[in-house]
Amino acid sequence: MNSYHRTLEHLPLLEKRRALAYAITLGFCVAAWWLRLVLDPFFPPGFPYLTFFPAVILASFLFGRGPGILAAVLCGLLAWYFFIPPFHSFALARGTAVALLFYVGVVTVDILLVHWMQIANARLMAERERSAGLAARTEILFEELQHRVSNNLQMVGAMLSLQRRGVADGEAKRAIGDAAAKLQLIGRIQRRLYGSRGEPLALDAFITALVEDLAESGGKPGIRHMVEANSALLLPPDRAIPLALIVAEGIANAIEHGFADRESGTILVQVFAEGDRLSLSIRDDGAGVAESFDLASVDSLGLRIARSLAQGMDAELRIAPAHPGTLVELRNIPIDATAQPV
């Protein structure tokens, strides 16, 4: 089907080799005359143009209006001379003028219809090329915007990190450091959205790349990071950043607190669908949180942000002991709003 459409887009053919187009048209006319001559014993009287109409239409369709007019004139003369009484002459007998007028009317309509179709086709092709150019330019501008947003976020994060050095208060210093880390993380996530024009992202690939990035920046190469995600799940880009920030917070807490006194361990990230809901869990085998841990009462900026992001996605965030380690669960994310199976 695509090759058929591409052929139609290039009609009329041989626009730069018109002599060849007219020569082939002459061949069509001769072939139509020969076929009419062969079939003449089988045709009833009064049908002189049966094989000539297709030759006119074919010449017009393939090569344009000029060859179509040539075919119409030549086929009309051949039909008049050989197949309209008195035969082998151009005499105007009774009824000949009516037959010729009928022929002229039919081929005129055929040629005009084909010509108008080709004009419309040319305009459609030009508009398609213009639209493709605009789409390519829009995509380039969008990617450039993504690039600039990412750079700006990371630049602000770097400036906050520099500002942090001049702050004496420990609490303020920690808060500025957390904010700088979050901004730089958002900048890195933004880079992973390059090329996305709003289409859903493959959730398994996105989470795997994110976890690998976090593992590299964690500073503890002995800790293994594993991801188990359903490859059939898709994630809209507008949900990628909040989900990624929650994952980043869970992994950062596992490295900073769960493995504070260890250089090795395992962090497992799982993403799976449960009916019409999506769930995500981060499990480590580190020190673990206390049995009395209450997420609602913690004063950590990162966890407060994670809790707010979860509420914004209409999901539930839970942190509990995993025996051993810690379990971070983000549950009941509506699939119709975030991830859809393909």
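**Close-up 1. Strands E4 and E5 pair in the antiparallel sense over 8 bridges.** This is a predicted model, where local features need pLDDT of at least 70 and side-chain atom pairs count only at pLDDT 80 or more, while totals for chains, interfaces and linings use all residues. Residues are numbered from 1 along each chain as its sequence is written, and side-chain values use heavy atoms, with hydrogens and water left out. Helices (H or I, at least four residues) and strands (E, at least two) are DSSP runs numbered from the N terminus, and two strands pair if DSSP finds at least two bridges between them. E4 and E5 make a hairpin with 2 residues between them, and Gly 275 in that turn has a positive phi of about 65 degrees. Look for Ala 273, whose bridge partner in E5 is Leu 278.

**Close-up 2. The other pairing of E5 is with E7.** Strand E5 (residues 277-284) and strand E7 (residues 326-334) run antiparallel over 6 bridges. Arg 277 has Pro 334 as its bridge partner in E7, and Ile 282 has Val 328. Of the 8 residues of E5, 6 are buried, so the strand is largely enclosed by the rest of the structure. Buried here means under 20% relative accessible area, exposed means over 50%, and partly exposed is in between (1.4 Å probe, protein chains only).

**Close-up 3. Five strands make an open sheet with mixed pairing.** The order is E2-E4-E5-E7-E6. Strand E2 (223-229) and strand E6 (316-321) stand at the edges with a single partner strand each, so one side of each has no neighbour in the sheet. On average, neighbouring strands are turned by 10 degrees against each other, direction ignored. Helix H7 (residues 203-217) lies across E2, strand E4 (265-274) and E5, and runs at about 170 degrees to E2. For these angles, axes are lines fitted to C-alpha atoms (for helices, over the stretch in contact), and values run from 0 to 180 degrees between N-to-C directions.

**Close-up 4. Leu 330 sits in the largest nonpolar core.** A nonpolar core is a set of buried Ala, Val, Leu, Ile, Met, Phe, Trp, Tyr and Cys residues joined through side-chain atoms within 4.5 Å. This one has 42 residues, and Ile 207, Leu 243, Val 247, Ile 251 and Leu 330 touch the most other members. Helix H8 (residues 237-258) gives the most to this core, with 10 residues. Leaving aside neighbours within four places in sequence, the contacts of Leu 330 (heavy atoms within 4.5 Å) include Leu 243, Ile 246, Leu 278, Ala 310 and Met 313. A second, separate core of 23 residues includes Ala 21, Phe 63, Ala 71 and Tyr 103.

**Close-up 5. Tyr 49 and Tyr 103 form a stacked aromatic pair.** Rings of Phe, Tyr and Trp (its six-membered ring) pair if their centres lie within 6.5 Å; planes under 30 degrees apart count as stacked, over 60 as edge-to-face and the rest as tilted. By this rule there are 10 aromatic pairs. In this one, the rings are 4.6 Å centre to centre, with 25 degrees between the planes. Tyr 49 lies in the loop between helix H2 (18-39) and helix H3 (52-63) and Tyr 103 in helix H5 (residues 96-165), so the pair ties together parts 54 residues apart in sequence. Tyr 49 is buried at 4% relative accessibility, and Tyr 103 is buried at 4% too.

**Close-up 6. Phe 52 and Phe 83 make a tilted pair.** Their ring centres are 6.2 Å apart and their planes at 50 degrees. The pair links distant parts of the chain, with Phe 52 in helix H3 and Phe 83 in helix H4 (residues 65-83), 31 residues apart. Both are buried. They belong to one aromatic cluster with Trp 33, Trp 80, Tyr 81, Phe 82 and Phe 90. Arg 36 lies over the face of Phe 83, at 4.6 Å from the ring centre; the rule asks for NZ of Lys or CZ of Arg within 6 Å of the ring centre and within 35 degrees of the ring normal.

**Close-up 7. Here are some backbone oddities, including a cis peptide bond from Pro 85 to Pro 86.** Most residues other than glycine have a negative phi, and most peptide bonds are trans. The bond from Pro 85 to Pro 86 has omega near -5 degrees, and Pro 86 is in the loop between H4 and H5. Another cis bond joins His 323 and Pro 324, with omega about 5 degrees; Pro 324 is in the loop between E6 and E7. Asp 314 has a positive phi near 60 degrees and is exposed at 52% relative accessibility.
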